[in-house]
Each structure stands twice: as structure tokens, then as C-alpha cells.
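Visitor: Please take me through one part of this structure up close. I would like to see how a single helix sits among its surroundings, and then what lies beyond it.

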Amino acid sequence: MTPLNATPEWQSLSADRTAIEHQSIAGLFDQDPDRFADFSITLDGLLLDYSKQPMSRDVRERLLALARARDVEGQRDAMLTGGRINRSEDRAVLHTALRVPAGVPGWADASITEDVATTRSRMAGLARAIRDGQRTGATGKPIEHVINIGIGGSDLGPRLVLEALAPVADGPDVHFVANVDGVELQQAMAACDPERTLVLVVSKSFGTVETMTNAYEAMAWLRRGVPADEVLARQVLAITANLDRVQALGLDPELALPMRDWVGGRYSLWSAVGFSIMLGIGPAAFEALLEGAHGMDRHFAEAPLEANMPVMLGLVSVLNATLLERRSQAVVPYTERLGRLPAYLQQLLMESNGKSVDTDGKAVDLPTAAAVWGQTGTPGQHAFFQALHQGTDVVPVDFVGVARPVADEKGDPLELTANLFAQGQALMEGRADEGLSTMQRCPGNRPSNTLLLRRLDARSLGALIALYEHRAFVEAAIWGINAFDQFGVELGKGLADDLKPIIAGGLEPTGLDSSTAGLIARYHDWRG
Ligand SMILES: O=P(O)(O)OC[C@H]1O[C@H](O)[C@H](O)[C@@H](O)[C@@H]1O
């Protein structure tokens, strides 16, 4: 693949970098009263307004030319039709196949569609039986609690969705346990009656140490609390792509819900990994989540580039992160229901695209994924917005707002929405009135996108998440990197394994740097 900065399309943008950086965004609105209409895209109940970006029509044309030169469409089609685009692991990338509605032909081949349908109907059958009390715990009591043990992609997606849709959750309550520090697990066990609890052990690899450690602990708790031999078979469900390891945990692989190797962990909430979602909100609402995502997939596959929401969101990101070298981006959802979105997007965007070599293994000479961070508005306004308005770094913001909540909720939508819209306006316009001191002035000309959902329901949430998945894809296609591996994560895991015997005290700390050795010594000292 040609390095990005060797392409004429990139060089043309790069030559105008300073002009683009200093382009007055407000000035673009003055020149074009219809800018909002031209620089926004609506799909069903989801609106992307990217008009508050330093992007004239000409710059947009040049970014679209870049997308064509990088063959974003060809790369997209290769993904959708099951090409082995994850080259470093020689795998297809088919999370989109997981959300093709039953009976609708997908892009992938028939055996995959059939496999997806089989697992989905097994999940739905089991979820219904549990939700209506026919499938009980080992002592005949109905399942009222679920403990979902998983981490990273086996945790964040289901957690995000169930927090967002909590007002319509009518199934067993779901507790999420990710960290190995024991805190979440203790809290979950304290809140649940073991005889009425189903434990989900969710791990694509079934080898992740945090998940396995917590699973052993939860299984011991079940054995202690449930006087029945069948307890593990009835009340622990493995969800994994590695059925061979299920037996090693003492569980029956026949009962497990399968995942496939063509689903990346951070793209897996649509698979059996989303079983906790199905238990919480029911199979019909889970289906609506998939439908919303599928609608976005179709749009991504079919809409012309200039009207294609994920493509434009990806191009905005490349403009900010790579051309203008804005190395962080904030995500600010204006509802507590989406409070998990920044954490979810940290994994999706940073684990996918935090790479510095291309698909040929050569160094990428331009910056790739920016750091993603954020928290909900309005609380974030009272924390970090000062730096957004007056700090030395320009941090592009994605505002996410909701016109109607997931269910009738109290609160003050007028106050919330006024703040949401005012922040984007303030970042763009700044403040330099006569008589203000330099300390009081805000430079303005700071970019933001606004994503507005008509309603926070399963369908639009599915579309929103799929939109960001495809944004990651578009960025990676332009940068020329593989968004679907994550070898960097392995390094720390390996070193942790090496340190364990030293910290446990059996092995001499030879050959360690003085910081690591010093930390271990102080830890021993303070732990007593
Ligand atoms: O689902 P698992 O195999 O347990 O993996 C859980 C998570 O851990 C890994 O370290 C990866 O970086 C993530 O992509 C993955 O989602």
C-alpha cells in the first residue's frame, strides 16, 4: 500500500494545512447560509451535523478524493463480503453479518448467515425460557439475576447498551464484572441470591486471566450457595470462540454459546456476547438493536461517499487527527444513559487504530488514532470544558444528544439541550467582545460534531454504535492500517505473568529496572 503522505491527494491537503487550520468556521457559515443542510446527514432517527468543522466545500471534495484514492469503497466491500482483511491474523471481519435480519440476504456467504441464524435462535429460545421462568436454576427457582463476567469487548458493549436501555429492561437484573480487583464481583455476589443467579462467562479466547479468575470465584460462590449437583450446568453459561477451553473450567461445551473467529472482541456485542442484553431487554428489543445497526451497515454499503455518514465522520477524524495533528478528541454525551460511551469508544477507536505500522508492516509516517476521552454533559462542562474553550490544545468534540429519552423520564430536557447546543456554538464562536481582558477571551474556531438521536431506543443505539464502528474502519482504510488486530495489548499481559512470581515473593527480582524493582519492594513493605 502506498504510504498516505506519498499520495497526491494527501499532498494537496497537506500543502494547505495552515490555511485549513486557520479557516474561520464561523466564516464558512457567513458565506453559506445553508451550510447546516449541506454539512449534515440524517439516517432514520440519527443526525450527524459536521458543519462546525474547518471544512469548506473544496476541502470536503479533496477529502473525498482521498477516500477514493485509498479505495475506501473497495476495502469496505471486501470486509462486507467476507474477505480476509485482517491480514495479520488471516481472518475475515464479519460483525456486519451478525446483524442481518432473519430472512434478509446478507453480503457474506450462506453458511455464515445460517450459522448466525442458528446461534441467534438458540440465544432467543434460551433467553425466553429464562425470562418467563421456565428455565430455572438448579433448585427450581427462577433466574432473577445475571452476572456477566468478561472484560474489554466481552464487557463494554453489553454494559453500554444495558445502561442506555435500563428503563426498558424487564428481565433479570444484570451485573457486570470486569476488573480482577474483586470489587465488582463482591458487589454483584452481595446483591444476588445464588439460587436465582445465572453466571455468564464471556470470553472470546476463554483464556483472559481476569475473566477466568473471576469465573472461578463466582463458581465457588454458586457451589457454596446452591445445594444441587447440577448447579454449574444449570447456572453457568460459557460464551466463547474457544470451546476447547470450556471443559477445562469444568463446564459442558455443548451448552456454551459460540462466537466465531471472524468477530473481533470490540465488535462482538451483536454476537452471543450480547446475551446479557437479550436477557435484560428481551429478544425483540435485541433484534431492534441489530436492525438499527444493519440499517447503518446498508447505508455505509450503499450511500454515495459524500452522503455517507460513517465516511464523513471518518474523514472529519482524519482531518483533525492526522492533517491538523489534534491528538485527542472528546466525546460528550448529554445523557447519563450514555455515560459509558466514552469508555466504549476508547476501546473501539484506540484499540482498533492505535497503530503505527501499516498493513504491509511498514511504519506509518503520519499520526493515526487520537486519544479519546470524555464524560457526560452537563457535568463535564464543570470539569474539563475550561480547557476546551481556552486551553492551548484544540480538542475536537463529538457531542451526542437525544431528543427523546428511552422512556418517560424526569429531568429538564430544555436545560440539557440548551447547554448541548450552546457548547458547540461557544466553541466555534469564542468570545472577544470589546473591553474583555485577554484572560476573559475565548479564541473560538474550535471544531465539533453533533450527533442527535431522535430517541434513545434500541434501534437508534444500534445505528449509533455501528456508525462509530464504521468510522474506525474508514480511518484505518485511509491510514492503511489493520483495525482488527491488537498485538500491543499482549506485551503488558506477558510482563505481568513474568512479575507474578517475583511479587508473590518466590523469585529474586534480578534484571529489573530500578523503578519496577523499587515499586515491588515498597509494595512488599507496605503490604506487610
Ligand atoms: O473476550 P476475551 O478473549 O476475554 O478478550 C477480552 C479483551 O481482552 C484483550 O486483551 C483484547 O485487547 C480485547 O480486544 C478483548 O476484548
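Guide: Here is a close look at one helix, followed by the annotated sites and the ligand shell. Keep in mind that this is a predicted model.

Start with helix H8, residues 156-164. Eight of its nine residues are buried, so H8 is largely enclosed by the rest of the structure. The buried ones are Leu156, Gly157, Pro158, Arg159, Leu160, Val161, Leu162 and Ala164. What covers them? The cover includes two strands, S3 (145-149) and S4 (173-177). It also includes helices H13 (275-281), H14 (283-302), H16 (341-353) and H19 (458-479).

Follow H16 next. Glu351 is found in this helix. Glu351 is buried, because 22 other C-beta atoms lie within 10 Å and the cut-off is 20 or more. Glu351 touches Arg266 and Gln486, leaving aside residues up to four places away in sequence.

Glu351 also carries a label from a record. The unreviewed UniProt entry has the annotation "active site" on Glu351, His382 and Lys493. These residues span 143 residues in sequence, and the farthest two C-alpha atoms are 36.4 Å apart, so they do not all gather at one spot. Lys493 lies in helix H20, residues 488-504. Lys493 has 11 C-beta neighbours inside 10 Å, so it counts as exposed.

Last, the ligand. There are 14 residues around it, and Gly152, Gly153, Ser203, Thr208 and Gly265 come nearest. By class, this shell has nine polar, three charged and two nonpolar residues.

Methods: Residues are numbered from 1 along each chain as its sequence is written. This is a predicted model: local features need pLDDT of at least 70, side-chain atom pairs count only at pLDDT 80 or more; totals for chains, interfaces and linings use all residues. A residue is near a molecule or strand if its C-beta atom, placed from the backbone, lies within 6 Å of it. Ala, Val, Leu, Ile, Met, Phe, Trp, Tyr, Cys and Pro count as nonpolar, Asp, Glu, Lys and Arg as charged, and the others, Gly among them, as polar. A residue is buried if 20 or more other C-beta atoms lie within 10 Å of its own, exposed if 12 or fewer, and partly exposed in between; C-beta atoms are placed from the backbone. Helices (H or I, at least four residues) and strands (E, at least two) are DSSP runs, numbered from the N terminus. Two residues are in contact if their C-beta atoms, placed from the backbone, lie within 7 Å. UniProt positions are given in the numbering used here, feature names are shortened, and annotations may be inferred rather than shown by experiment.
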